[in-house]
Number of protein chains: 2
Amino acid sequence: MGGDRGAAAVVAGMADSLAHCPDLHFLVHGSEPELASLIAKRPELAGRATICHAEGVVTMEDKPSQVMRHGQATSMWSTLDAVRDGRAAAAVSCGNTGALMALSMIRLRKLPGINRPAIACLWPNRTARGFAVMLDVGADIKADAPDLLQYALMGASYARNGLGLSRPRVGLLNVGTEEHKGRAEIREAQDLIAAATEAGTFDYVGFVEGSDLPSGRVDVIVTDGFTGNIALKTGEGTAKLIGDFLREAFNSTLLSRLGALLALGSLRALQQRIDPRRVNGGVFLGLNGTVVKSHGSADATGVSAAIQLARRLAASGFTERLKARVASAAAAGQDARTEAGEKNGTAE
Amino acid sequence: MGGDRGAAAVVAGMADSLAHCPDLHFLVHGSEPELASLIAKRPELAGRATICHAEGVVTMEDKPSQVMRHGQATSMWSTLDAVRDGRAAAAVSCGNTGALMALSMIRLRKLPGINRPAIACLWPNRTARGFAVMLDVGADIKADAPDLLQYALMGASYARNGLGLSRPRVGLLNVGTEEHKGRAEIREAQDLIAAATEAGTFDYVGFVEGSDLPSGRVDVIVTDGFTGNIALKTGEGTAKLIGDFLREAFNSTLLSRLGALLALGSLRALQQRIDPRRVNGGVFLGLNGTVVKSHGSADATGVSAAIQLARRLAASGFTERLKARVASAAAAGQDARTEAGEKNGTAE
């Protein structure tokens with residue numbers, strides 16, 4: 001109910017995703033009359049969607065702390081409780097990110113051993129598969145070294161289950177690739193992550209820079225939620241600027257309009273390749289349950305992509321796999337922490 | 001001497017810039033035999049370049065601390081001393097950024113009242129002028145609230161003298177535009193900057209997000225050097241990825257190749273519009289003297305852009321103006337700091 005385009009975009013996305021994944025069944029949370037009327041207009045959803053009435057809506061302006069205290073009657077709360085109670089295999093929301101993460105923490109709870117859950121996004125790159133995972137892109141504005149280690153483990157697990165990469169290459173986002181660069185917590189995290197590659201079944205490529213996000217040199221980019229959020233939005237904004245400039249360039253002369261017409265097929269393929277709606281869906285990692293956060297402004301195509309991603313993760317038993325991975329890596333991580341602590345002369 | 005393409009790209013850039021600014025005279029620092037041979041091949045440089053021999057070179061791998069201790073004989077040191085002694089109006093270097101900033105700090109010294117100098121870059125956006133200023137993009141990995149205020153003052157001054165904006169719109173980079181978002185130092189800086197708009201002659205637009213860097217909603221984007229460096233490189237990397245994808249798309253079929261040929265004029269104009277070499281030149285702000293850091297991999301066009309920027313700033317008396325601005329804003333800033341300290345209940 002709380003996305004920028006309201007319930008209509010969500011119901012349209014449900015219908016679209018059903019065309020790709022015919023085995024889906026939806027629990028739709030929100031205003032019964034509004035949802036019933038939207039669903040009635042889509043015959044393909046008949047028998048595929050159950051409405052769970054919820055009176056309240058979390059708006060984009062609501063503060064997470066208020067929603068945590070007074071949000072019991074909202075569609076967001078109802079959605080997460082369906083996952084909590086095992087009635088739903090995964091949750092998808094276009095709503096307020098901060099509130100969704102805060103509610104997810106109290107309703108689903110963190111996985112054992114996880115300090116800070118994270119939001120992971122997909123980033124277009126030069127690899128054949130076409131994407132890298134970046135996390136955290138906004139669950140928490142800070143992360144210390146053990147948090148960054150957990151992001152590496154969770155990101156690698158997501159890359160295996162979401163992208164099918166058997167041994168993902170993990171990198172730590174920094175302002176340079178030299179060992180002495182960056183903040184203290186990043187240099188400390190470097191040691192922790194390097195020591196956890198076997199337990200986490202990933203390769204560690206070292207520090208990576210902003211230019212490496214799309215370079216294809218790394219599959220999982222680890223960073224704190226402040227930096228990750230700004231990198232994500234900078235990349236999106238830059239891509240949009242160039243797209244707009246490109247459209248202007250093609251419209252500027254008759255000759256260029258004709259040229260664009262001839263190249264239309266190739267340009268459409270390019271657009272498809274970098275279409276942000278294709279990679280729509282920030283995945284919340286580190287919780288007892290799968291939550292996919294769709295872009296607030298997502299249209300039917302975007303919502304559908306988020307639903308399909310949620311389905312893929314649910315079908316792979318992702319939460320259980322991640323839980324097992326974190327548990328088995330905890331011992332190795334603990335060893336590494338002790339070592340790194342000694343090496344850096346810290347007490348931790 | 002220390003750029004990725006060596007002295008040849010620098011000498012080529014000097015020749016190119018002379019075509020745009022015929023009044024230039026160069027002091028070129030480095031290996032006399034190498035520079036003499038390169039300059040001899042360019043008749044347009046005859047009588048326009050004086051070689052200042054320096055035996056040593058600061059490499060990209062050298063640590064700033066080592067260069068500060070043992071770098072006296074290098075071309076970088078010699079370049080900065082020419083500004084220090086008043087023999088040069090501005091310095092341009094393609095070398096090691098960290099070493100250049102460290103040497104600039106000890107040879108040129110910080111302006112009175114400046115705590116952390118910053119590096120400012122230009123960022124393509126949707127405005128008619130075509131650029132925003134972002135700082136810090138890598139002088140220092142951290143910045144507290146008073147530093148961010150100084151960045152706002154310095155960035156506004158640069159936008160006035162470098163871009164000709166009489167009253168720049170300043171924004172503070174954050175993970176959301178709501179007042180409660182972000183780290184403590186950013187929320188504190190918000191109050192300081194909002195209180196300094198009259199003294200600094202700028203408008204404060206509030207928090208901006210990564211997507212606002214190219215949006216045209218803001219002329220000066222203030223952030224710490226860690227975040228700014230990652231945003232800059234992410235934007236550059238994304239632009240490069242899309243450019244490469246676009247080239248592939250145009251080469252993919254005969255029809256699209258023909259289309260590209262027809263649209264060539266418009267595409268060239270687009271390329272020019274987003275060409276990173278046009279905005280080449282990170283300006284060091286907050287020092288007694290103008291230093292422009294060109295991209296390490298800059299070619300003749302890039303070096304020429306950096307030289308022209310240095311000339312424009314030197315001609316505007318930028319350092320003196322900035323110095324006066326910082327001094328006059330110091331009192332207002334001090335008032336604002338006291339107020340903000342009281343408001344936030346901090347002791348500062």
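**Exercise 1. A residue in a loop**

Task: State between which elements of chain A the loop with A:T201 is found, and classify the residue by its exposure.

Solution. Step 1: A:T201 is in the loop between α8 (197-200) and β7 of chain A. Helices (H or I, at least four residues) and strands (E, at least two) are DSSP runs, numbered from the N terminus. The structure is a predicted model, in which local features need pLDDT of at least 70 and side-chain atom pairs count only at pLDDT 80 or more, while totals for chains, interfaces and linings use all residues. Residues are numbered from 1 along each chain as its sequence is written, and chains are lettered from A and ligands numbered from 1 in the order in which they are written.

Step 2: A residue is buried if 20 or more other C-beta atoms, placed from the backbone, lie within 10 Å of its own, exposed if 12 or fewer, and partly exposed in between. A:T201 has 17 other C-beta atoms within 10 Å, so it is partly exposed.

Step 3: The phi of A:T201 is near 50 degrees, which is positive although the residue is not glycine.

**Exercise 2. A second positive phi**

Task: Describe the backbone and the surroundings of A:R109.

Solution. Step 1: A:R109, likewise not a glycine, has a positive phi of about 70 degrees. Step 2: The residue lies in the loop between α5 (97-107) and β4 (118-124) of chain A. Step 3: A:R109 counts as partly exposed because it has 14 C-beta neighbours inside 10 Å.

**Exercise 3. The sheet of chain A**

Task: Which strands of chain A stand at the edges of the open sheet, and why is one side of each left without a neighbour?

Solution. Step 1: The open sheet has eight strands in the order β3-β10-β9-β4-β5-β8-β6-β7, with mixed pairing. Step 2: β3 (90-93) and β7 (203-208) stand at the edges; each has a single partner strand, so one side of each has no neighbour in the sheet. Step 3: From one strand to the next, the twist averages 25 degrees, where axes are lines fitted to C-alpha atoms (for helices over the stretch in contact) and angles run from 0 to 180 degrees between N-to-C directions.

Step 4: β7(A) pairs with strand β6 (residues 169-173) of chain A in the parallel sense over five bridges; two strands pair if DSSP finds at least two bridges between them. Within this pairing, A:L172 has A:F207 of β7(A) as its bridge partner.

**Exercise 4. Helix α9**

Task: Compare the expected span of helix α9 of chain A with the distance between its end C-alpha atoms.

Solution. Step 1: The expected span is 1.5 Å times one less than the number of residues. Step 2: Helix α9 (residues 225-251) has 27 residues and should therefore span 39 Å, which agrees with the 39 Å between its end C-alpha atoms. Step 3: Of the 27 residues of α9(A), 19 are buried, and the helix is mostly covered.

**Exercise 5. The contact between the chains**

Task: How many residues of chain A are in contact with chain B, and which element of chain A gives the most?

Solution. Step 1: Two residues are in contact if their C-beta atoms, placed from the backbone, lie within 7 Å. Step 2: By this rule, 52 residues of chain A touch 52 residues of chain B. Step 3: On the side of chain A, the elements giving two or more residues are α9, α10 (254-262) and α11 (264-274). Step 4: α9(A) gives the most, with 19 residues.
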